[in-house]
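Below are some short notes on the ligand site and the domain layout, for your review. Please read them alongside the coordinates.

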Amino acid sequence: MTDVTITLDPSSRIGAVPRRLFGGFVEHLGRHIYDGIHEPGHPSADADGFRQDVIELVRELGVSTIRYPGGNFVSGYRWEDGVGPREDRPTRLDLAWHSIETNEVGLHEFSTWLEKVGSDLMLAVNLGTRGIEEAVDLLEYANVPGGTTLSERRRDNGRDEPFAVEMWCLGNEMDGPWQLGHLDADSYGRLASRTAHAMKLVDPAITTVACGSSSRDMDTFGTWERTVLGHAYDNVDYLSCHAYYEERDGDRAAFLASGEHMARFIDEIIVAADHVKALKRSDKTIQISFDEWNVWYMNRPAPGSFSGTAVDEFAHAPRLLEDQYTVLDGVVFGSLLITLLRHCDRVTSASLAQLVNVIAPIMTEPGGPAWRQTTFYPFALTSRLARGVALRVPVSSGTFSAAKLGEVADVDAVATWDQDAGAASVFVVNRALDGSRDVSVDVSGLGAVAVEEAHLLADGDLDAANTLDDPERVSTVALEGATVADGILTFTLPAVSWAAVSLTLS
Ligand code: AHR
């Protein structure tokens with residue numbers, strides 16, 4: 001007997017799958033840059049000091065655009081510190097993460113690394129301790145071909161061609177009281193608007209991202225969006241949002257429903273943004289940049305996280321936010337990707353926070369190996385297989401009770417269809433804790449199809465994880481028994497599992 005039916009109809013289009021949905025985020029934080037991507041003494045380090053084992057894993061992950069250099073870090077950052085001869089670069093206190101920043105890696109080095117991993121740069125400007133002038137200076141340095149003091153300084157520093165950065169974040173989480181230079185919505189909305197206006201006078205081809213809410217739980221959520229866009233609507237293209245999920249108080253059902261929480265958050269942001277659109281009678285539609293999302297155990301600090309605040313406790317590249325992800329985390333993570341894909345008509349950019357060592361799909365040990373966390377697999381598979389257009393797929397399944405979210409469907413899914421390539425993919429999660437579900441997907445609307453690949457993330461031990469000692473304990477396995485007969489794709493999903501099935505069309 002089938003427990004779940006899904007219908008795949010090529011006419012139920014959500015929108016083209018934006019490559020930027022599979023973006024990442026690299027912050028100067030903990031061991032992300034130093035002893036993460038950059039470790040000159042490591043056996044795999046290249047001539048620039050970048051670990052090639054990490055480069056290979058980032059390439060395999062399939063990350064499009066990478067947001068840099070923060071995060072909270074950017075709100076105290078002076079971009080000039082990170083350019084020019086290395087021996088002249090200052091060592092600073094990083095107040096956001098209570099660390100020492102040596103500035104060995106800055107814009108040029110990071111851009112070199114991006115070329116090696118095959119990703120594009122998305123830059124954030126500091127609107128915490130700095131303002132319009134410094135933002136415009138950085139843009140001039142990065143994007144103006146030459147003939148001005150700052151663009152010529154870039155060329156003197158070894159980069160003849162402009163960095164040509166297209167997407168620019170106007171600060172980071174400026175709604176958060178923890179943020180250096182935190183502002184109220186009116187002050188930030190005015191500053192974001194003026195900064196974006198000035199930046200577009202330098203380079204009209206850029207797109208700008210105003211800070212939205214740093215979580216759906218912020219008291220200011222909703223009014224922040226309305227107020228900021230009220231000031232900045234005409235000068236910005238995107239509104240950002242951030243969300244991190246974790247299992248709290250042992251409530252696995254609520255954690256498994258995180259994708260539903262994310263969906264409601266996105267829908268509410270759309271309402272807020274379109275409310276301002278209506279007030280302004282604007283023809284422009286603001287896009288969403290979900291530029292921080294992940295599982296993050298904020299309430300269960302990872303070992304090694306700092307707790308002190310004394311001035312002698314600032315450290316260079318300390319172990320911060322080094323969460324170890326379980327199978328359960330990987331399944332929830334996969335469900336978040338399904339939610340993002342299902343909203344890709346409005347969420348046209350997203351950044352997994354973060355990439356290496358810091359709440360990351362990739363971990364490293366200094367002088368030692370690099371390995372994949374459980375979250376690596378859903379990201380890499382979705383980034384590789386989600387092509388063409390995203391399709392809304394109605395799912396008929398049972399439900400489970402998920403605390404404040406009420407009844408939530410056991411199974412959630414989305415599909416993609418690439419007519420030109422003759423391919424389609426289905427991404428599906430079973431969030432039920434009580435057992436497996438037999439799934440049948442009506443794919444008859446695609447014509448004749450055959451299963452090309454079928455991958456499953458599941459484990460009898462939901463707490464299983466990859467570690468330094470056992471780096472390959474968890475990986476995806478073949479989803480056995482995924483077959484198509486008479487236009488119906490069938491398979492069985494174990495309790496708490498995520499799967500991706502790709503089809504070839506004939
Ligand atoms: O990703 C870690 C931190 O989370 C970022 O620095 C900040 O923007 C958010 O609060």
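1. A polar contact here is a pair of N or O atoms within 3.5 Å. The model is predicted, and the distances below are computed from it.

2. Under that cut-off, the N172 side chain makes a polar contact with the ligand: one of its N or O atoms is 3.0 Å from a ligand oxygen. Two further side chains also place a polar atom beside a ligand oxygen: Y244 at 2.8 Å and E292 at 2.7 Å.

3. How much of the ligand's accessible area does the protein cover? On its own the ligand has 280 Å² of accessible area, and the protein covers 95% of that. As for location, the ligand sits in the largest pocket.

4. The residues around the ligand include the three named above, N172, Y244 and E292. The rest of the list is F25, E27, G71, N72, W97, E173, W296, Q354 and I359. Sorted by class, this shell has 5 nonpolar, 4 polar and 3 charged residues.

5. On the domain layout, the assignment gives domain 1 as 4-9 + 390-505 and domain 2 as 19-385. Domain 1 is thus written as two segments, and domain 2 as one. The C-alpha centres of domain 1 and domain 2 lie 29 Å apart. Their contact takes 40 residues from domain 1 and 35 residues from domain 2.

6. Which residue numbers around the ligand should be checked against the domain bounds? Those listed run from F25 to I359, and domain 2 is assigned 19-385.

Notes: Residues are numbered from 1 along each chain as its sequence is written. This is a predicted model: local features need pLDDT of at least 70, side-chain atom pairs count only at pLDDT 80 or more; totals for chains, interfaces and linings use all residues. Side-chain values use heavy atoms; hydrogens and water are left out. A residue is near a molecule or strand if one of its heavy atoms lies within 4 Å of it. A polar contact is a pair of N or O atoms within 3.5 Å; within protein, one must be able to donate a hydrogen and the other to accept it, and residues adjacent in sequence count only if both atoms are side-chain atoms. Accessible areas come from the Shrake-Rupley method with a 1.4 Å probe; for residues, only the protein chains shown count as cover. On a 1 Å grid over the protein atoms alone, a cavity is a set of points where a 1.4 Å probe fits but cannot get out, and a pocket is an open set with protein on both sides within 12 Å along at least five of seven lines; lining residues have an atom within 4 Å of a point. A molecule sits in a cavity or pocket if more than half of its atoms lie within 2 Å of its grid points. Ala, Val, Leu, Ile, Met, Phe, Trp, Tyr, Cys and Pro count as nonpolar, Asp, Glu, Lys and Arg as charged, and the others, Gly among them, as polar. Domain bounds come from an automatic or database domain assignment. Contact means heavy atoms within 4.5 Å.
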